[in-house]
Structures are given as structure tokens and as C-alpha cells.
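Please open the model in your viewer and keep the sequence panel beside it. The tour below suggests what to select at each stop and says what is to be found there.

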Amino acid sequence: MMSQMPQQAAPAKCPSCAEPLESGDLFCGACGYDLSAVPAAPQDHPTLTMGAAGVGPSGVDWPPPEPESSETPAAPHLPTDLPGTDSGGKPLPASPPAHSSPASPPPHGAAPHGSPVSPASGVRFDRPPEPDEYPLQAPDPRVAASAAETGEAAETAGSAETTELPKVCVACRAGRVDDDGYCENCGHAQPRERDHMEQESGPVAAVSDRGLRHHRNEDAFAVGHTALPDGAPAALAVVCDGVSSATRPDEASMAASRAAGEALLAALPQGTHPQQALHDAIVAASQAVNALAEEPPSAREHTPHQNAPACTIVAAIVASGLLVVGWVGDSRVYWVPVDRSAPAARLTEDDSWAAQMVAAGLMSEAEAYADERAHAITGWLGADAYELEPHTASFKPDRPGVVVVCTDGLWNYAETAEEMAEVVPADADVRPLHAARVLVGHALDGGGHDNVTVALLPFPEPPQGAGSA
């Protein structure tokens with residue numbers, strides 16, 4: 001079998017008359033030029049898109065002409081010597097050439113600064129060195145201008161109300177956030193208001209967080225402080241946990257916490273005993289949750305299998321040397337003394353399957369709470385709950401301490417009173433908001449499997465006007 005020698009490919013056009021040629025031609029058909037002496041065109045395809053022969057995309061001759069004198073070599077030409085244009089054909093602003101400063105290594109994952117880039121794409125070759133850290137983008141001046149105009153208008157009108165400034169995206173820090181909670185600039189979904197909530201009221205503070213596993217926060221709280229008829233200060237905290245298996249649990253917890261908080265702030269200044277006031281507040285919370293189930297018949301027809309909204313509730317009041325707690329469900333109250341050598345205590349008993357097993361003597365506490373049925377609650381607020389029986393209890397601590405009011409999103413990671421005392425910061429009585437943040441962080445570090453809500457009340461009640469340091 002005869003072997004074939006590879007033939008040299010002819011150029012596309014005749015070097016003499018520019019007549020198009022065909023593959024394999026040894027002589028030009030138009031002028032007879034000998035093509036055997038012409039070097040073959042390379043077979044690879046360049047990645048740069050070039051313009052007309054001898055002219056670059058920017059209209060500048062490239063490569064540059066040879067110098068007239070062979071004694072003086074031509075100065076080296078770099079891509080930065082060409083006036084670039086953007087994608088619209090406009091000249092790019094002048095900037096120092098890349099070779100004017102020492103080269104810095106590109107960040108991890110970035111292309112080297114000397115990477116070939118197509119001039120036709122409008123991308124500059126002389127990119128400045130990329131920083132190790134990127135500063136936040138400046139806010140959209142249109143948003144700032146709109147906010148300034150709104151503020152000036154309110155000031156001119158003499159309005160005493162607080163002007164709500166346009167929300168700026170937490171991702172790009174430039175776009176305005178629309179009514180649906182998305183950035184108009186980058187489309188990023190914004191954190192919902194209930195994903196993380198913090199509040200201080202006098203000496204009491206609370207923090208609630210969505211956690212790491214749930215798609216929404218179904219907890220809610222209410223904190224406040226007031227004065228009794230004799231002028232003595234009083235502080236209160238209400239924490240509610242929506243029942244996830246029920247319909248609209250987030251609405252249930254919010255309605256219950258607001259109703260209970262408002263009831264307490266109305267009853268205590270009138271001289272109602274704190275324990276009676278707390279009992280009545282839980283009843284008011286229950287009625288508020290029951291009202292959520294009062295839907296028109298047409299709504300029931302579309303969702304016949306939905307159950308009624310439901311939640312748990314736990315609350316505490318500190319007033320006149322008295323500590324009063326009340327609850328329905330499995331949210332808890334812990335007592336943690338400032339002197340950690342004294343014992344801590346849990347002040348509530350869960351309305352749960354596990355608590356019933358322990359109370360009946362059928363299982364030990366460790367065995368009951370290790371069971372998968374442990375957190376099945378036997379008491380809750382809601383239209384489909386059994387007969388409402390609010391639990392209340394009063395205590396007179398003989399030493400200073402901190403009252404911890406929380407959902408199971410926290411106590412799952414510090415179940416016993418001793419464990420809770422270990423994670424409560426030592427200065428929680430003077431910095432309750434900071435301590436609440438620390439406790440929520442403890443639950444998130446532990447896995448954050450549930451919504452986390454905690455409120456802290458110092459005992460005894462500090463004088464009016466005292467707050468977190």
C-alpha cells in the first residue's frame with residue numbers, strides 16, 4: 001500500500017493578484033504565480049476576532065509599521081497603547097497602563113490579568129489589579145435623593161411622625177425593595193421581618209429567630225413594662241410558639257402574644273393581682289387565636305381538611321418582689337440566680353406526652369424526653385383545643401436572678417435548669433438583650449432545628465428607666 005505524503009495547503013488568495021485559490025493549487029490560475037514558495041496558512045483558529053486586514057477593531061494599524069532605520073529598534077507596543085472602546089463604540093476613559101505598577105497575583109479563582117481578551121468584546125486589557133476584598137457598592141443615588149426629598153418634605157410640613165425611608169437591598173446595597181420583598185435591582189429576596197426580631201422594653205428584652213431549618217418563624221413574643229397603682233415598677237414577657245401541624249401557626253402565635261401583652265399592660269396599672277391578670281391574659285390570647293378560625297363557609301369549602309390555627313403560650317411577670325408565671329403548652333420559664341452557686345430551677349411543667357408519662361410514673365424523665373413522642377403537646381390555644389386550663393404559679397425568690405422565658409427551640413439545647421444556667425451569661429441581669437442574643441446563638445450553634453425565642457427579665461425589677469447596658 002502506497003503511503004501518501006501530506007500536501008501543503010495553498011493560501012486562500014494569490015499573493016500576487018489576490019485571486020481566490022482552491023485547495024491543492026500549485027500555481028495561480030489568473031496570473032500563474034508559483035504558490036509552492038508561499039508558506040501555508042496555519043490550521044488553528046485564533047480566538048481574537050480581528051477587523052480588516054492590517055487594521056485592528058479600534059481602527060489603529062496593528063501590527064505597527066517597521067522602523068525606517070534598522071539601527072533604532074521600534075518601541076514595544078502593548079495592548080494598552082490602543083485606545084479601546086466600549087460595547088457602544090464610545091472611547092473608554094484613560095487609565096494608567098497595567099505595566100506601570102508591579103503586578104499582583106490574581107485572587108483565588110480569578111483569571112490572570114494578562115489573559116487574552118477579545119478587543120471586539122469591548123473589554124479593556126488594562127484591568128486594574130483586583131483587590132483581596134471588595135467594598136460594598138454605594139447606594140443608588142436615586143434612593144438617597146428620594147429619601148432626602150421625603151425627609152425635607154416632612155420637616156417642612158412640621159410632621160411629628162417618623163418618616164419611613166425606602167428600604168435598600170441587603171445584597172447589592174443599591175436597589176430599592178418592592179412591596180413583595182424583592183430587590184428591584186438584583187432580584188434578591190429580602191429577609192422577612194419575622195425572620196429575626198429583637199426588642200427591649202425597660203429592663204426586659206427578647207430575641208426571636210427563624211432558626212436554620214424552618215422556612216419561616218412561627219414564634220412570637222411581647223415584652224413591656226408599666227407601673228402598679230402604688231408606683232412600683234412591673235415588667236412582663238409573653239412568648240408563643242405556633243403549632244406547625246396547624247393552619248397558619250405564625251398568625252396564631254402573633255395574635256396570642258399581642259392579645260396577652262395588651263391585656264397585661266391594661267390590667268396591672270389598675271391594681272389587678274399579677275396572677276389573676278396573667279390568667280385573664282391567657283384567656284384573652286386564647287380568644288384571639290379562636291377568632292382566626294372564624295372563616296366564611298366558602299373558605300371552608302375550598303380547604304375542608306385544614307385544622308384551626310394553634311399555638312402555645314408562656315408568660316412571666318416581675319412586680320413588687322413577686323414572680324408570676326403562666327402557660328399552656330410546652331414553652332418554659334427558668335429561674336437562674338445571679339449567684340450561680342445557688343440552684344437554678346424550672347418553674348413550669350410541660351403540657352406534653354413526655355410530661356404525662358413522667359407524672360404518671362410510667363417513665364423516667366430521661367426516657368420520656370428521649371422518646372419520639374416526647375414533644376406531642378396535650379395543651380394549646382386554638383379553636384380545636386380541649387377545655388382551656390391556664391396554669392399559673394407565684395414565687396417569691398429570696399435573691400437576685402434572671403427569669404428566662406423561652407420556646408423549645410432554645411430549651412432543646414439546654415433542657416435542665418443546670419444546663420440553662422450554664423449558658424445564660426453572668427451579666428444577664430444588667431444586659432438582658434445581649435444575653436438573649438447569646439442564648440439564641442447557642443441554639444443556632446447547636447443546630448437551630450426549630451424557631452428560637454427567648455425573653456429575659458431581671459429580678460427584682462430595676463427602677464423605672466433602667467435598661468440594657
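The stops that follow begin with confidence and then move to a helix, the cysteines and some backbone details.

**Confidence along the chain**

Begin by colouring the chain by pLDDT, since this is a predicted model; the mean pLDDT of the protein chain is 75, and 65% of its residues reach 70 or more. Select helix α1 (residues 141–157), which has the lowest mean pLDDT among the elements, 48, and then strand β11 (residues 401–406), which has the highest, 98. Two stretches call for caution: over residues 1–10 the pLDDT is below 50, with nine contacts in the model beyond near neighbours in sequence, and over residues 154–163 the pLDDT is also below 50, with three such contacts. Where pLDDT is low, the predicted coordinates should not be read in detail.

**Helix α9**

Next select residues 432–445, helix α9, whose 14 residues should span 20 Å at 1.5 Å a residue, and whose end C-alpha atoms are indeed 20 Å apart. Within α9, show the side chains of P432, L433, A435, A436, L439, V440 and A443, which are buried. If you turn the view to look down the axis of α9, these buried residues fall within an arc of 165 degrees, so they line one face of the helix. An α-helix has 3.6 residues a turn, so residues three or four places apart point the same way. To see what covers the buried residues of α9, add the elements that include β1 (196–201), β2 (204–209), β11, α7 (408–411), α8 (417–423) and β12. Following α9 is G447, whose phi is positive, near 135 degrees.

**Cysteines**

How many disulfides does the count come to? The count comes to zero; select C183 and C186 to see a pair of sulfurs 3.7 Å apart, which is too far for a bond, given that a disulfide needs sulfur atoms within 2.5 Å. C183 is buried, with a relative accessible area of 5%, and C406 is buried as well, with a relative accessible area of 0%.

**Backbone details**

Most residues other than glycine have a negative phi, and most peptide bonds are trans. Select R248, in the loop between β4 (233–242) and α2 (249–267), where phi is near 50 degrees, a positive value; R248 counts as partly exposed, at 23% relative accessibility. Then go to S320, in the loop between β5 (310–319) and β6 (322–328), where phi is likewise positive, near 50 degrees. Finish at the peptide bond from F459 to P460, which is cis, with omega near 0 degrees; P460 lies in the segment after β12 (452–459).

Definitions and conventions: Residues are numbered from 1 along each chain as its sequence is written. This is a predicted model: local features need pLDDT of at least 70, side-chain atom pairs count only at pLDDT 80 or more; totals for chains, interfaces and linings use all residues. Side-chain values use heavy atoms; hydrogens and water are left out. pLDDT is the predictor's confidence in each residue, from 0 to 100. Helices (H or I, at least four residues) and strands (E, at least two) are DSSP runs, numbered from the N terminus. Contact means heavy atoms within 4.5 Å. Buried means under 20% relative accessible area, exposed over 50%, partly exposed in between (1.4 Å probe, protein chains only). The expected span of a helix is 1.5 Å times one less than its number of residues. The arc is that of the directions from the helix axis to the C-beta atoms.
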